[in-house]
Amino acid sequence: MAYTDQQRQQIAQYIAQRVPRLTKDGCPLCGSTAGYGVEQLTVPDLAVSLLAVACRNCGHVMLFNELQVLASPK
């Protein structure tokens, strides 16, 4: 499922507020500030929906609890 524009803004706001080093310092592996892509990730037999944040430079993927990210105050 693709995220709506509003959800993508909410994800960006969550990252900026809760994981500020990710925006300030860049990818924890390559240091790139080229940006990130986000996708929903569902793992069979896992009751939690995941949000995958991938570095656009090296492809490093970070996983977040999707419900927590999208339920955070706007």
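Which helices and strands each supply at least two residues of the lining of the largest pocket? Hold on to that one while we look around; the model here is a predicted one.

## The pocket

Here is the reply: α1, α2 and β1 each give the lining of the largest pocket at least two residues. Of these, α1 gives the most, with 4 residues.

The largest pocket takes up a volume of about 240 Å³. Its lining is made of 14 residues, and the ones nearest the centre are Ala12, Ile15, Thr23, Gly35 and Tyr36.

## Helix α1 and its two sides

Since α1 gives the most to that lining, let's stay with this helix for a bit. It's 14 residues long, and from first C-alpha to last it reaches 20 Å, close to the 20 Å you'd expect at 1.5 Å a residue.

Now for what's tucked away and what isn't. Gln7, Gln10, Ile11, Tyr14 and Ile15 are the buried ones in α1. They sit on the same side of the helix because they cover an arc of only 135° around its axis. Flip to the other side of α1 and you'll find Asp5, Gln9 and Gln17 exposed.

So what lies over those buried residues of α1? The cover includes two helices, α2 (20-24) and α3 (66-71), along with the strands β1 (36-41), β2 (50-55) and β3.

## An aromatic pair

Tyr14, one of the buried residues of α1, has a ring partner too. When two aromatic rings are paired up, they're described by how far apart the centres are and by the angle of the planes.

The model has 1 aromatic pair. Tyr14 and Phe64 make it up, in an edge-to-face arrangement: the centres are 6.4 Å apart, with 85° between the planes. This pair links distant parts of the chain, as Tyr14 belongs to helix α1 (residues 5-18) and Phe64 to strand β3 (residues 61-65), 50 residues apart. Are these two residues buried or exposed? Both Tyr14 and Phe64 are buried.

## A glycine in a loop

One last stop, away from the helix. Between β2 and β3 there's a loop, and Gly59 is found in it. Gly59 has a relative accessibility of 40%, so it counts as partly exposed: buried would mean under 20%, and exposed over 50%.

Gly59 can also be placed relative to another glycine, Gly37. The two are 22 residues apart along the chain, and 9.2 Å separates their C-alpha atoms.

Conventions: Residues numbered from 1 in each chain as written. Predicted model: local features only at pLDDT ≥ 70, side-chain atom pairs only at ≥ 80, totals over all residues. Heavy atoms only, no water. Phe/Tyr/Trp six-rings, centres within 6.5 Å; stacked < 30°, edge-to-face > 60°. Buried < 20%, exposed > 50% of the residue type's maximum accessible area, 1.4 Å probe, protein only. Expected span 1.5 Å × (residues − 1). Arc of directions from axis to C-beta. Contact = heavy atoms within 4.5 Å. 1 Å grid on protein atoms, 1.4 Å probe; cavity = no way out; pocket = protein on both sides within 12 Å on 5 of 7 lines; lining within 4 Å. Points joined across faces, edges and corners; volume = space filled by probe spheres on them.
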